[in-house]
Amino acid sequence: MEKNNAKILAGCVLLKDYTYDWDMLRMQLFDDWKMEITEEAEEFSFQFAVGDVHIACMLVPAPKQGAEEAGTRNYEWPEASKAAAGHVGHVEIGVMDCENPLQRHVLFTMIASSMLKQDNVIGLYQYPVVYRPQTYIEAAQVLARDEFPITCWVYIGLYQDEEGLWNSYTYGMEDFDREEMEILHSQEGLISLYQFMVQIVTYLISENDTLEPGQRIGSDAQHSYEVTRSKAAAFDGETLKIAF
C-alpha cells in the first residue's frame, strides 16, 4: 500500500447519482456546527472559507478510482466494497491553507459528516478506507464535547499472517507529524489488538506526545512493551514496531 504525503486533507463523498444540494449542505453545517457560510455555490462546486482556512468541494460526474478496493478495508461494514462499486459520481472535498493538523482534521470531519446526511450519499472515501455514513456521523459527534474522533482521523489496519497471528498498522499518523506504527505477529486477540492500537493513537494525538525507539510503553511493569523502528510490513518506508 502506498503512502500519500500530501498535506492537503482530502476525501470523497460517494453518490448514487450526479447531484448534490449545496443549499442543503449550507443549512446542515449551521445546524450541526453553527458554521455560517456566506459564499455562494456554483452549479458543480462550492468554495468557502472557515476563518483563514479554504474549503473546496467539487461535484465530479464519474466514479472515484480506488473506492471499491478501499471498501474491502472496512471490516466493520462487510458490504462497503459492493456499495462503493455502485456510485456514479462523487464530491471531492479539500481542506487547504491550514498548517495545524488538528484544526485541519476537525474542519474536515465537521464538513464531511454534514455532507454525508443527504439521501443520495453512499459513503465517504478517504484513503485507505470507505466509511459508512452513519458510523462516521456518530463518531464525529464527539467534537461537540471537545473530544477527538480518532477513528475518523487514523485508520487502524488489521490482517492475519500465514501463521494465523494478527497484525495491525496505522495510516494517518504522518499527517500529525508522528511516525506510523505497526504491531506484528501478535499473540493477542483481534479485539485486544485493535483496542490497544486505538489507545496508543488517541494518547499520542490528544497529549501531543511522541514515541521513540528504545522506549517502553504500558500501564505497569507486567504490561510494558518495547518500541523499535524497522522497515514497514504494510507499506513502503519505516514504522515504529510495538512488541504487543
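Rings of Phe, Tyr and Trp, the last by its six-membered ring, are taken as a pair if their centres lie within 6.5 Å. In this predicted model, such ring pairs link Tyr75, Tyr127, Tyr155, Tyr159, Tyr169, Tyr171, Tyr194 and Phe235 into a cluster. The structure holds 17 aromatic pairs. One of them joins phenylalanine 196 and tyrosine 225, with ring centres 5.3 Å apart. Their planes stand at 75 degrees, so the pair is edge-to-face; the threshold for that class is over 60 degrees. Phenylalanine 196 belongs to helix H7 (residues 190-206). Tyrosine 225 belongs to strand S11 (residues 223-231). The pair therefore ties together parts that are 29 residues apart in sequence. Both phenylalanine 196 and tyrosine 225 are buried.

A ring also meets a charged side chain. Lysine 34 lies over the face of phenylalanine 30. The distance to the ring centre is 5.6 Å.

Strand S4 (residues 89-96) has pairing partners in S1 and in S3. Strand S1 (residues 9-15) pairs with S4 in the antiparallel sense, over seven bridges. Strand S3 (residues 53-60) also pairs with S4 in the antiparallel sense, and again seven bridges are found. Valine 91 of S4 illustrates the arrangement. Valine 13 stands opposite valine 91, and so does leucine 59. S4 is mostly covered, with six of its eight residues buried.

Strand S9 (residues 181-186) likewise has partners in S8 and in S12. With strand S8 (residues 166-171), S9 forms an antiparallel pairing over three bridges. Here tryptophan 166 has serine 186 in S9 as its bridge partner. With strand S12 (residues 238-242), S9 pairs in the parallel sense over two bridges. In that pairing, methionine 181 is matched with leucine 240 in S12.

Serine 168 is located in strand S8. Its relative accessible area is 0%, so serine 168 is buried; the limit for that class is under 20%. The side chain of serine 168 reaches the backbone oxygen of glycine 157 at 3.1 Å. Residues up to four places away in sequence aside, serine 168 touches Ile156, Gly157 and Leu158, as well as Met181, Glu182, Ile183, Leu193 and Met197. Met181 thus appears twice: as a contact of serine 168 and as the bridge partner of leucine 240.

The loop between S8 and S9 holds aspartate 177. Aspartate 177 has a relative accessibility of 57% and therefore counts as exposed, the class for values over 50%. Its C-alpha atom is separated from that of leucine 107 by 18 Å. Along the chain, aspartate 177 and leucine 107 are 70 residues apart.

Strand S2 (residues 45-50) includes serine 45 and glutamine 47. Serine 45 has a relative accessible area of 11% and is therefore buried. Leaving out residues up to four places away in sequence, serine 45 touches Trp22, Cys57 and Met58. Glutamine 47 has a relative accessible area of 42%, so glutamine 47 is partly exposed. Its contacts beyond four places in sequence are Glu39, His54, Ile55 and Ala56. With histidine 54, glutamine 47 makes a polar contact from side chain to side chain, at 3.1 Å. Isoleucine 37 and glutamine 47 are ten residues apart in sequence. In space, their C-alpha atoms are 9.7 Å apart.

Helix H4 (residues 101-115) has 15 residues. From its first C-alpha to its last, H4 reaches 21 Å. This is close to the 21 Å expected at 1.5 Å a residue. The helix is mostly covered: 13 of its 15 residues are buried. Asparagine 100 caps the N-terminal end of H4. A side-chain oxygen of asparagine 100 lies 2.9 Å from the backbone nitrogen of leucine 102.

Terms used
Residues numbered from 1 in each chain as written. Predicted model: local features only at pLDDT ≥ 70, side-chain atom pairs only at ≥ 80, totals over all residues. Heavy atoms only, no water. Phe/Tyr/Trp six-rings, centres within 6.5 Å; stacked < 30°, edge-to-face > 60°. Helix = DSSP H or I, 4+ residues; strand = E, 2+ residues; numbered from the N terminus. Buried < 20%, exposed > 50% of the residue type's maximum accessible area, 1.4 Å probe, protein only. Lys NZ or Arg CZ within 6 Å of the ring centre and 35° of its normal. Pairing = 2+ DSSP bridges. Expected span 1.5 Å × (residues − 1). Polar contact = N/O pair within 3.5 Å; in protein donor to acceptor, adjacent residues only side chain to side chain. Contact = heavy atoms within 4.5 Å.
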